[in-house]
Amino acid sequence: MMKGMIRTALGGAAVMVLAACGSAAPGGGGGSPTPLTFTVPLYDAQGQEVARATLTQAGRDTVHLAVDATRLPAGTHGTHLHEAGRCEPPQFTTAGGHLNPLARKHGLRNPQGPHLGDLPNLVVGANGQGHMEARILASLRPGQPPIFDVDGTALVVHAGADDMVTDPSGNSGARIACAVIATPAVGS
Ligand code: ZN
């Protein structure tokens with residue numbers, strides 16, 4: 001079913017979406033990094049595409065994220081990177097908690113925060129559309145702060161607003177849409 005691409009947890013496993021850059025040798029001449037960018041769909045509990053997210057390597061340790069909603073419910077939605085690249089509807093609990101490799105508390109306004117995966121709210125209008133951008137201190141490349149860690153990463157949109165301070169999820173409610181950004185230890 002997966003064309004034999006499953007690999008065990010060996011770190012390099014998560015490079016799948018970035019196959020084109022696989023030959024970039026670390027420790028080379030320190031040349032400018034090749035721009036990396038890709039887009040993933042977010043699906044709701046019924047399996048309908050409701051938004052798209054584009055991730056771009058914007059600097060050595062910075063990833064630019066843009067989320068564009070096309071048919072989400074109107075309102076303000078907490079949006080986070082979650083720790084596992086598994087989006088199983090209808091509840092998406094398989095995505096785990098927030099991406100939090102530094103063991104911080106939740107919230108962009110939490111003095112003990114934030115999680116690496118904490119993001120601004122996504123505001124959606126009556127037409128189902130909305131846009132949010134953020135910079136994440138991480139890397140799409142292997143071996144650096146871990147979006148492409150062994151268990152992958154998901155982007156999750158919640159039903160309600162993130163209050164930006166309440167651990168562990170800002171009281172943002174149920175998970176209503178999910179995108180796999182990196183799959184767990186699978187290449188394809
Ligand atoms: Zn969080």
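His-115 lies in the loop between strand S5 (79-82) and strand S6 (122-124), where helices (H or I, at least four residues) and strands (E, at least two) are DSSP runs numbered from the N terminus. With a relative accessible area of 6%, His-115 is buried; here buried means under 20% relative accessible area, exposed over 50%, and partly exposed in between, computed with a 1.4 Å probe on protein chains only. The structure is a predicted model, in which local features need pLDDT of at least 70 and side-chain atom pairs count only at pLDDT 80 or more, while totals for chains, interfaces and linings use all residues. Residues are numbered from 1 along each chain as its sequence is written, and side-chain values use heavy atoms, with hydrogens and water left out.

The surroundings of His-115 deserve a closer look. The side chain of His-115 makes a polar contact with the side chain of His-98 at 3.1 Å, and the His-115 side chain also reaches the backbone nitrogen of His-106 at 3.3 Å. A polar contact is a pair of N or O atoms within 3.5 Å; within protein, one atom must be able to donate a hydrogen and the other to accept it, and residues adjacent in sequence count only if both atoms are side-chain atoms. Leaving aside residues up to four places away in sequence, His-115 touches His-98, Leu-99, Asn-100, Arg-104, Lys-105, His-106, Gly-107, Asp-167 and Pro-168, contact being heavy atoms within 4.5 Å.

His-115 is also one of the protein donors of the zinc ion, and its ND1 serves alongside ND1 of His-98, ND1 of His-106 and OD of Asp-118, at 1.9 to 2.1 Å from the metal. Donors are N, O and S atoms within 2.8 Å of the metal (3.2 Å for Na, K and Ca); water is not among the atoms, so sites may look incomplete. The donor residues follow the spacing H-x7-H-x8-H-x2-D in sequence. Within this set, His-106 and Asp-118 are twelve residues apart, both in the loop between S5 and S6, and the pair links distant parts of the chain. His-106 is buried at 0% relative accessible area, and Asp-118 likewise counts as buried, at 7%.

What geometry does the site of the zinc ion have? The site is tetrahedral, with angles of 97 to 122° among its four donor atoms. Four donors count as tetrahedral if all angles lie between 85 and 135 degrees; four count as square planar and six as octahedral if opposite donors are over 155 degrees apart and all others between 65 and 115, and anything else is irregular. For four tetrahedral donors, the ideal angle at a metal is 109.5 degrees.

The loop between S5 and S6 holds further backbone features. Pro-90 is found there, joined to Pro-89 by a cis peptide bond with omega of about 5°. Pro-114 has its place in this loop too, and the peptide bond from Gly-113 to Pro-114 is cis, with omega near -5°. Ala-103, found in the loop between S5 and S6, has a positive phi near 55° despite being a residue other than glycine, and is exposed, with a relative accessible area of 67%.

Elsewhere, strand S3 (residues 62-69) and S7 pair in the antiparallel sense over seven bridges; two strands pair if DSSP finds at least two bridges between them. Glu-133 in S7 is the bridge partner of Ala-66.
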